[in-house]
Amino acid sequence: MRNPVPRVAAIHDLSGFGRASLTVVIPVLSAMEVQACPMPTAVLSTHTTGFSDYCFNDLTPFMKDCVSHWINLGIDFDAVYSGFLGSSEQMNIVSELIDSLLERDGSPLVVIDPVMGDDGKTYGPITDDMVLRMRSFISRADVITPNLTEAAFLLNEPYSDSIDEETVKEWLLRLADMGPGVVIVTSVPYESSDKRTSVLAYDKGSEKLWKVSCDYIPAHYPGTGDAFASVVVGSLLKGDSLPIALDRAVQFTTLAIRASFGRENPEREGVFLERVLDSLKGPVVMSSYELLE
Ligand code: PXL
C-alpha cells in the first residue's frame, strides 16, 4: 500500500545560500503534501553559479551509512529523486537504495535529474567522469529531467542555444533508448519566437510526445530546474497525468521567475520561492499542453 502522505528520498546537495537543490526541493514537496526525506550529497556555503570561493564538502561516506541505515529500517519510499551529486561513487550508492526497494517489492518512482550544468557549461564540482557515469546511471530512472545542456552532455552532442525542435525530438528518443521510460527536456528554444521557450517530453510507454510552452523571460535564476523537477515529482505522486505534471511545473516555475524578475534582486540569489509556494496548493487550473506528431 502507498504511504498516505507520499514519501520521497530526496538526494540533492544542501547549499546554504542561493535557493537551489534541497532548499528548493523540500519546500516545494512539502507544499504539495509530499514528505521529503533529505539525503544531502554535499554541503556547500552557496550553490556554484555566480559565486566564487564557495566551500564544498562531499558527503559520500555519510551517504553510504545513511543508505545502510534506511535499508535496515525498511523505510518504504514512494519515490527516489536524485539531483546534484557530489561524486561519481554516489551513483552506485543511490543504485543500492533503488535495488533494495525493488527487492522488497516496493516499486518506487525513480526520478533522476541529471544536474551537471547549464548554458553549455558544467557546474564547478562536476567532473568529466561524473558526466560519463551519468550516462549509465540514467538507465535506472523512470523519469529524467535534463535541461538542454545536460541532454547534450548525456548524448555527447555539441550544445548550442539555437537547437531546433526536430533535433530535440530526436534527442528525446535517443535518451529514452538509454533506459528511462519518460524523458523531459527543459529550456528548449522556441522555433518561431525568441520570446517563448518550451519543455518537451517523450513517454516511451504510450509513444507520445508532449510540449508545454511559456513566455521566455531574459534572466537565469539558479534553482529553477530544481523547482521544475520537484513539481513534476510531487504532481506524479499525487496522481496527475504526465502532461498535467509538466504543465503545473512550467506554470509554477514561470510564476516564480515573474515574481522575482520585476525586482532588482541578483539572479544568483534565486527566485522568490517563498512568495509563490502557496500557488502549489491550488487545484489544477487551465493548462496549455500540446500533443505533438
Ligand atoms: O540548481 C542546480 C544546482 C544544484 N546544486 C548546486 C549548484 C547548482 C547550480 O548552480 O551549484 C551545488
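Helices here, H or I runs of at least four residues, and strands, E runs of at least two, are DSSP runs, numbered from the N terminus. With that in hand, take Asp119. Asp119 sits in the loop between strand 8 (117–118) and strand 9 (121–122). One caution before going on: this is a predicted model.

Stay with Asp119 for its backbone. Its phi is positive, about 50°, and Asp119 is not a glycine. For context, most residues other than glycine have a negative phi. Is Asp119 buried or exposed, or in between? Its relative accessible area is 39%, so Asp119 is partly exposed.

Asn156 also has a positive phi. The value is near 55°, again in a residue other than glycine. Asn156 belongs to the loop between helix 5 (148–155) and helix 6 (165–177). The cut-off for exposed is over 50% relative accessible area. Asn156 has 60%, so Asn156 is exposed.

Now the ligand. Which residues come nearest? There are 13 residues around the ligand, and the nearest are Asp13, Thr48, Thr49, Tyr123 and Asp226. By class, the shell has five nonpolar, six polar and two charged residues.

Here are the polar distances. On the nitrogen side, a ligand nitrogen is 2.7 Å from an N or O atom in the side chain of Asp13. On the oxygen side, a ligand oxygen is 2.6 Å from an N or O atom in the Thr49 side chain. For Asp226, a side-chain N or O atom is 2.6 Å from an oxygen atom of the ligand. How much of the ligand does the protein cover? On its own, the ligand has 310 Å² of accessible area, and the protein covers 97% of that.

Next, the packing. The largest nonpolar core holds 50 residues. Trp70, Leu97, Met134, Leu175 and Val185 have the most contacts inside that core. Look at Trp70. Setting aside residues up to four places away in sequence, Trp70 touches Ala9, Cys37, Pro38, Met39, Ile75, Phe77 and Leu97. There is also a second, separate core, with 45 residues. Met32, Leu242, Ala256 and Leu277 are included in that second core.

Met32 comes up again with Ser230. Ser230 is in helix 7, residues 224–237. Its relative accessibility is 0%, so Ser230 counts as buried. What does Ser230 contact, apart from neighbours within four places in sequence? The partners are Val25, Val28, Leu29, Met32 and Tyr81.

Another serine, another setting. Ser68 lies in helix 2, residues 60–73. At 34% relative accessibility, Ser68 counts as partly exposed. Ile93 is 25 residues from Ser68 along the chain, and the two C-alpha atoms are separated by 9.5 Å.

Last residue: Asn265. Where does Asn265 lie? Asn265 is in the loop between helix 8 (242–261) and helix 9 (273–276). Buried means under 20% relative accessible area. Asn265 has 14%, and therefore Asn265 is buried, loop position or not. Beyond residues up to four places away in sequence, Asn265 touches Tyr221, Ser260, Gly270 and Phe272.

To recap on the loops: Asn265 is buried, Asp119 is partly exposed, and Asn156 is exposed. And on the ligand: the protein covers 97% of its accessible area.

Definitions and conventions:
Residues are numbered from 1 along each chain as its sequence is written. This is a predicted model: local features need pLDDT of at least 70, side-chain atom pairs count only at pLDDT 80 or more; totals for chains, interfaces and linings use all residues. Side-chain values use heavy atoms; hydrogens and water are left out. A residue is near a molecule or strand if one of its heavy atoms lies within 4 Å of it. A polar contact is a pair of N or O atoms within 3.5 Å; within protein, one must be able to donate a hydrogen and the other to accept it, and residues adjacent in sequence count only if both atoms are side-chain atoms. Accessible areas come from the Shrake-Rupley method with a 1.4 Å probe; for residues, only the protein chains shown count as cover. Ala, Val, Leu, Ile, Met, Phe, Trp, Tyr, Cys and Pro count as nonpolar, Asp, Glu, Lys and Arg as charged, and the others, Gly among them, as polar. A nonpolar core is a set of buried Ala, Val, Leu, Ile, Met, Phe, Trp, Tyr and Cys residues joined through side-chain atoms within 4.5 Å. Buried means under 20% relative accessible area, exposed over 50%, partly exposed in between (1.4 Å probe, protein chains only). Contact means heavy atoms within 4.5 Å.
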